[in-house]
Amino acid sequence: MIGWNFPSNNFGKEDGLNDPGIETFRGNPLWSLAREINQNTCDASDRDTKKPVEVHFELLDLAAEEFPDARRFAEILESCGKYWSDNANTSKFFRNALTVMRRRKIPLLKISDYNTTGLLGSDKTHGSDWFKLTKSVGASDKEGGAGGSFGIGKHAPFACSDIRTVFYGTKDKAGKTAFQGVSKLVTHKSGKAETTQGTGYYGVAEKNIPIVSVDGIDRFFRRDRVGTDVFVAGFHAYDDWADEVAKSVLENFFVAIHEGRLIVRVGDVLLNKTSLPELIKQHASAGPDYTAHAYFDALTADEAAFFSEDDFE
C-alpha cells in the first residue's frame, strides 16, 4: 500500500518538535538551504559528462489534491497537535501546518539538479546514497574533497518548510527511478492508538521504501532526466527567498561558477561564468556577512598570482 506511515516507537523515546538537525539551520534557513543543496549536488557531479553541474530553484504552487495522500497527512497533523496540546509552541506549529494544508494551493520549492549521477542505490535497504539521505542519522562518510555538514546538511530543507516535509525524486545513471516523502514531525498516536516515531515516510508503507515504478509517481513529481529533485513542501513565505538563495550561492560557490563547474538558476536569475561579475558587484553592499566581492576581486585582479607551498606553516 502506498501512503504515509509513521513507524511505532514501541513505547520507546518520544520525539518533540525541536529536532537538533533542523534547529541547526533555523537561524539562517535560506542561506543554509542553498549552501547544503549545492554542496551535495557538486559532490554528485557526473564526471563522464564533461559538463558543469546545474541546479535550478523554482517556486511552484501544488494543487492541494495533488499533495501525496493529503487527507491522511492532515489527520497526522491533527493527531500531532492533539498529542502535544499542552505544549504551546508545538500546538501553534501544528495549527499553522493545518492552515497550510487547507489551502487550495500549497507552496512548494522545487530544486532540480542536472549533469549529476542521480541518487544511487534507491533499491538498497542500507548504506546507499538514497538510504543515507532519507533514513540515516549521523552517517556521513564523504571522502576527501567532498564538503558537507557531517551528515546534518540534509536537514536544511526541513527548516524552510512550514509542514516539515520534503519529497525526493531521482532518476540515476542506471535508469532506476525512485520517489519518497520524508516528514520530520513529532511522536503522536497512530490509528492503532500506538505512539509513533517523529519521522514518517510517504511511499510503500511496508518497510517504508520508495516508489520505484514510474506509473506509481504522480506526473507532477516525475523525473525524466538523470538527476535528483528535492521538493520542499509548504515552503515558508519568504518575501526575498530568491535574493537570499542567490547571495548564498555567490558567497559559497563563486569559485566553482567562475571556473565553469557550476551553473545555478534561481527563479529568473541565471548565475553562470558570464553573469557572475555583475551579480557579485550587484550584491557588494549586502552586509558584513557577505564577502564574495572581496574574494572575487582577489581572484580575478590583474596582479593576482597563484602559488603553492608544500608546508604552508
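**Entry 1: a residue in β4**

I started at Arg164, which lies in strand β4. A reminder to myself before going on: this is a predicted model. I looked up the backbone of Arg164 and found phi near 50 degrees, a positive value in a residue other than glycine. That caught my eye, since most residues other than glycine have a negative phi. Is Arg164 buried or exposed? Arg164 is buried, and its relative accessible area is 4%.

**Entry 2: a second positive phi**

I then turned to Lys207, another non-glycine residue with a positive phi, this one about 70 degrees. Where does Lys207 lie? I found Lys207 in the loop between β6 (199-204) and β7. Its relative accessible area is 67%, so I noted Lys207 as exposed, the cut-off for that word being over 50%.

**Entry 3: the sheet**

Next I traced the strands. They form an open sheet of 9 strands with mixed pairing, and I wrote down the order as β1-β6-β5-β4-β7-β3-β2-β8-β9. Which strands are at the edges? They are β1 (2-5) and β9 (269-271), each of which pairs on one side only. I also noted the turn between neighbouring strands of this sheet, which is 15 degrees on average with direction ignored.

At the β9 end, I checked the pairing with β8 (residues 262-266): the two strands are antiparallel, with 3 bridges. Here Val264 has Leu271 of β9 opposite.

**Entry 4: β3 and its two partners**

I spent a while on β3, which is mostly covered, with 9 of its 10 residues buried. How many bridges link β3 to β2? I noted 10 bridges, and the pairing is antiparallel. One position I looked up in this pair is Asp61, which stands opposite Pro107 in β3. With β7, β3 also runs antiparallel, and 5 bridges join them. Leu109 has Val232 in β7 as its bridge partner.

**Entry 5: helices on the sheet**

Which strands does helix α4 (residues 88-101) touch? The answer is β3 (105-114), β4 (161-171) and β7 (227-235), and the direction of α4 makes about 55 degrees with that of β4. Helix α6 (residues 241-258) also went into the notebook: it lies across β2 (53-63), β3, β7, β8 and β9. Relative to β8, α6 runs at about 175 degrees.

**Entry 6: Phe94**

Back in helix α4, I picked out Phe94. Its relative accessibility is 2%, so Phe94 counts as buried. What does Phe94 touch beyond its neighbours within four places in sequence? I listed Leu17, Leu77, Cys80, Gly81, Leu185 and Val186. I also looked up the separation between Phe94 and Arg35: they are 59 residues apart in sequence and 28 Å apart in space, C-alpha to C-alpha.

**Entry 7: α6 with α8**

For helix pairs, I kept to the usual description: the angle between the axes and the distance between them. The axes of α6 and helix α8 (residues 292-300) come within 9 Å, crossing at roughly 25 degrees. Angles under 35 degrees count as roughly parallel, and α6 and α8 are therefore roughly parallel to each other. I noted their crossing as right-handed.

Which residues meet here? From α6 I wrote down Leu250, Glu251, Phe254, Val255 and His258; from α8, Ala292, Tyr295, Phe296, Leu299 and Thr300. Sorted by class, this contact has 7 nonpolar, 2 polar and 1 charged residues.

**Entry 8: α6 with α2**

My last helix pair was helix α2 (residues 29-43) with α6. Their axes come within 8 Å and cross at roughly 50 degrees, so I have α2 and α6 down as oblique to each other. What is the hand of the crossing of α2 and α6? This crossing is right-handed.

On the α2 side, the contact is made by Leu30, Trp31, Ala34, Arg35, Asn38 and Gln39. Arg35 is the residue I had used for the distance from Phe94. On the α6 side, I found Trp241, Glu244, Val245, Lys247, Ser248, Val249, Glu251, Asn252 and Phe253. By class, the contact of α2 with α6 comes to 7 nonpolar, 4 polar and 4 charged residues. A last remark for the margin: Glu251 of α6 is in the list of residues that meet α8 and in the list of those that meet α2.

Methods: Residues are numbered from 1 along each chain as its sequence is written. This is a predicted model: local features need pLDDT of at least 70, side-chain atom pairs count only at pLDDT 80 or more; totals for chains, interfaces and linings use all residues. Side-chain values use heavy atoms; hydrogens and water are left out. Two strands pair if DSSP finds at least two bridges between them. Helices (H or I, at least four residues) and strands (E, at least two) are DSSP runs, numbered from the N terminus. Axes are lines fitted to C-alpha atoms, for helices over the stretch in contact, and angles run from 0 to 180 degrees between N-to-C directions. Contact means heavy atoms within 4.5 Å. Angles under 35 degrees count as roughly parallel, over 145 as roughly antiparallel, 65 to 115 as roughly perpendicular and the rest as oblique. A crossing is left-handed if the near helix is turned anticlockwise from the far one by less than a right angle, and right-handed if clockwise. Ala, Val, Leu, Ile, Met, Phe, Trp, Tyr, Cys and Pro count as nonpolar, Asp, Glu, Lys and Arg as charged, and the others, Gly among them, as polar. Buried means under 20% relative accessible area, exposed over 50%, partly exposed in between (1.4 Å probe, protein chains only).
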